[in-house]
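Thank you all for making the time this morning. I would like to walk you through one structure, going from its loops to its sheets and then to a single residue, so please have the view open in front of you.

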Amino acid sequence: MDEKGEAIIKKEENVRSKTPWWHYPKLQNKVVKALLVSLKPMLLREISRAFIRLGHECRILLIGEEELETKIVEQTFTQVLKTFKPDFLLTINHLGFDREGLITSLLTYYHIPFASWYVDSPDLIIHHYLENKSPYLTLFLWDRDYLEVTRKMGFLKAEYLPLGVDECLFRPIKQSESQLNFPRSELSFVGNSMVIKVQSVLKRNQIRGLLLDRFYEVARSFLHSEHLLVKELIKEAFPELWQELKKLPPDQIAGYETAVIWQATSWYRAELIESLSPFEPLIVGDKGWLKILAGGFRYHPEVNYYAHLPFLYNSTRINFNATSRQMKNGVNQRVFDIPACRALLITDWASQLEELMEPGREVLTYRGKEELRELVERVRKDRELRERVAEAGYRRVLNEHTYLKRVRHLIEVMRRNYG
């Protein structure tokens, strides 16, 4: 080799030696490496299991609250990124990211794609993260209605990704395997009353004056309105309150909106449960139910989602669902978990439900307490209908709505956006 060739090779070696560690190809290989980041393990077990079952690599990074408030978090992220070299990061509800956008700036500088899957209202969360806009960020939203909301905030890459189910956890279970201490139930509802939560968030955010005086009026109006966002309802129907709300810091505004949604949800659920009092439904949830329900029901304290809830759904003849009012057209987790147990689901009708399940064949739906009561009365007496619908719902969920399907789609979108 002549001197010129040796010089070229030496120059290339020098360039390679100076190439930053983050200049590695991303989303180019069949197997992807995903780093799951959060403040708490919400959904991480199900999602990480899906990545691994699909043949991908996955690592979980849990960030402490105190760590997030210091620059130590930058060192933690950098060390993990440098050693693991992920194709992309994934967080739930932006948990594990700081409000100031430090982590977002870090990932953008390193050219590392990242995704945040919102399973709660982004309008109540993402205002904390307006400094987190980046061309390397894609939002995934469990409710299609929030796509336009986030895009108006400037988050231009947003995709619809509904919730799913871990079919290894929620599955048909024989009664002999049950770990629960109470007997089989004919009719049950699992959910929070929101009573304690409402008072807590109002107190924590120091809501006073006219906003507090007319809080229940606003919540009642939101319950019966088609508005997705509380602030839009207040602007339209309560202009004098809107002037008061705008004076609050963003955290307090979000706290007030959250309290309104939770109060509306509390009334909504309580009214439905009370309509079913002739059937003495089993209510599984917080102690707030004991404060707002007069009688005609049986109560059991909250159960662990992973250890006990699959057994509860399996032991109940009729599981009914009343969706949080943060969703006006979307669906919640129960729509997937209950059918995955080959159990019957009666849920409130929602337009997005029809994209996911076939009402009347795979789930049974109601519009209002009268329809709910009549439906429960009918299916109590019709075993063949219960079993037919439960079986059809089970097949649909396993075929189309597992976390395997959701994670596969998420990876496809990230490849399309950044591969």
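Let me begin at Arg342, which sits in the loop between helix 16 (334–340) and strand 11 (345–348); helices here are DSSP runs of H or I with at least four residues, strands are runs of E with at least two, and both are numbered from the N terminus. Before going further, I should say that this is a predicted model, in which local features need pLDDT of at least 70 and side-chain atom pairs count only at pLDDT 80 or more, while totals for chains, interfaces and linings use all residues. Residues are numbered from 1 along each chain as its sequence is written, and side-chain values use heavy atoms, with hydrogens and water left out.

Coming back to Arg342, its phi is positive, at about 55°, although the residue is not a glycine. Arg342 has a relative accessible area of 35% and is therefore partly exposed, where buried means under 20%, exposed means over 50% and partly exposed lies in between, using a 1.4 Å probe and protein chains only. Glu280 is another residue other than glycine with a positive phi, in this case near 45°, and it is found in the loop between helix 13 and strand 8. With a relative accessible area of 48%, Glu280 also counts as partly exposed.

That loop leads us to the sheet that holds strand 8. This is an open sheet of 6 strands in the order 9-8-7-10-11-12, with parallel pairing, and two strands are said to pair if DSSP finds at least two bridges between them. Strand 9 and strand 12 (364–366) are at the edges, and because each has a single partner strand, one side of each is left without a neighbour in the sheet. From one strand to the next, the twist averages 25°; angles run from 0 to 180 degrees between N-to-C directions, and axes are lines fitted to C-alpha atoms, for helices over the stretch in contact.

Which strands does strand 8 (residues 282–285) pair with? On one hand, strand 7 (residues 185–190) pairs with strand 8 in the parallel sense over 3 bridges, and Phe189 has Ile283 as its bridge partner. On the other, 4 bridges join strand 8 to strand 9 (residues 298–301), again running parallel, with Ile283 opposite Tyr299 and Gly285 opposite Pro301. In a regular strand the side chains alternate between the two faces of the sheet. Strand 8 is covered on both faces, since Leu282 and Val284 on one side and Ile283 and Gly285 on the other are all buried.

Helix 13 deserves a moment as well. The axes of helix 11 (residues 230–237) and helix 13 (residues 250–275) come within 9 Å and cross at roughly 90°, which means that helix 11 is roughly perpendicular to helix 13, a label that covers angles of 65 to 115 degrees. Val230, Lys231 and Ile234 of helix 11 make the contact with Tyr256, Glu257, Val260 and Ile261 of helix 13, contact being heavy atoms within 4.5 Å. These residues divide into 5 nonpolar, no polar and 2 charged.

Now to the other sheet. Here 6 strands form an open sheet in the order 2-1-3-4-5-6, with parallel pairing, and its edge strands are strand 2 (57–62) and strand 6 (158–160), each pairing on one side only. Strand 1 (residues 33–38) pairs with strand 2 in the parallel sense over 6 bridges, with Ala34 opposite Cys58 and Leu35 opposite Arg59. Strand 1 is mostly covered, 5 of its 6 residues being buried. Helix 20 (residues 403–418) lies across strand 3, strand 4 (114–118), strand 5 (137–141) and strand 6, and runs at about 150° to strand 5.

I will finish with Thr91, in strand 3 (residues 88–92). Is Thr91 buried or exposed? Its relative accessibility is 1%, so Thr91 counts as buried. Leaving aside neighbours within four places in sequence, Thr91 is in contact with Val37, Ser38, Phe97, Ala115, Ser116 and Trp117. The side chain of Thr91 also reaches the backbone oxygen of Leu95 at 2.5 Å.

Definitions and conventions:
A polar contact is a pair of N or O atoms within 3.5 Å; within protein, one must be able to donate a hydrogen and the other to accept it, and residues adjacent in sequence count only if both atoms are side-chain atoms. Angles under 35 degrees count as roughly parallel, over 145 as roughly antiparallel, 65 to 115 as roughly perpendicular and the rest as oblique. Ala, Val, Leu, Ile, Met, Phe, Trp, Tyr, Cys and Pro count as nonpolar, Asp, Glu, Lys and Arg as charged, and the others, Gly among them, as polar.
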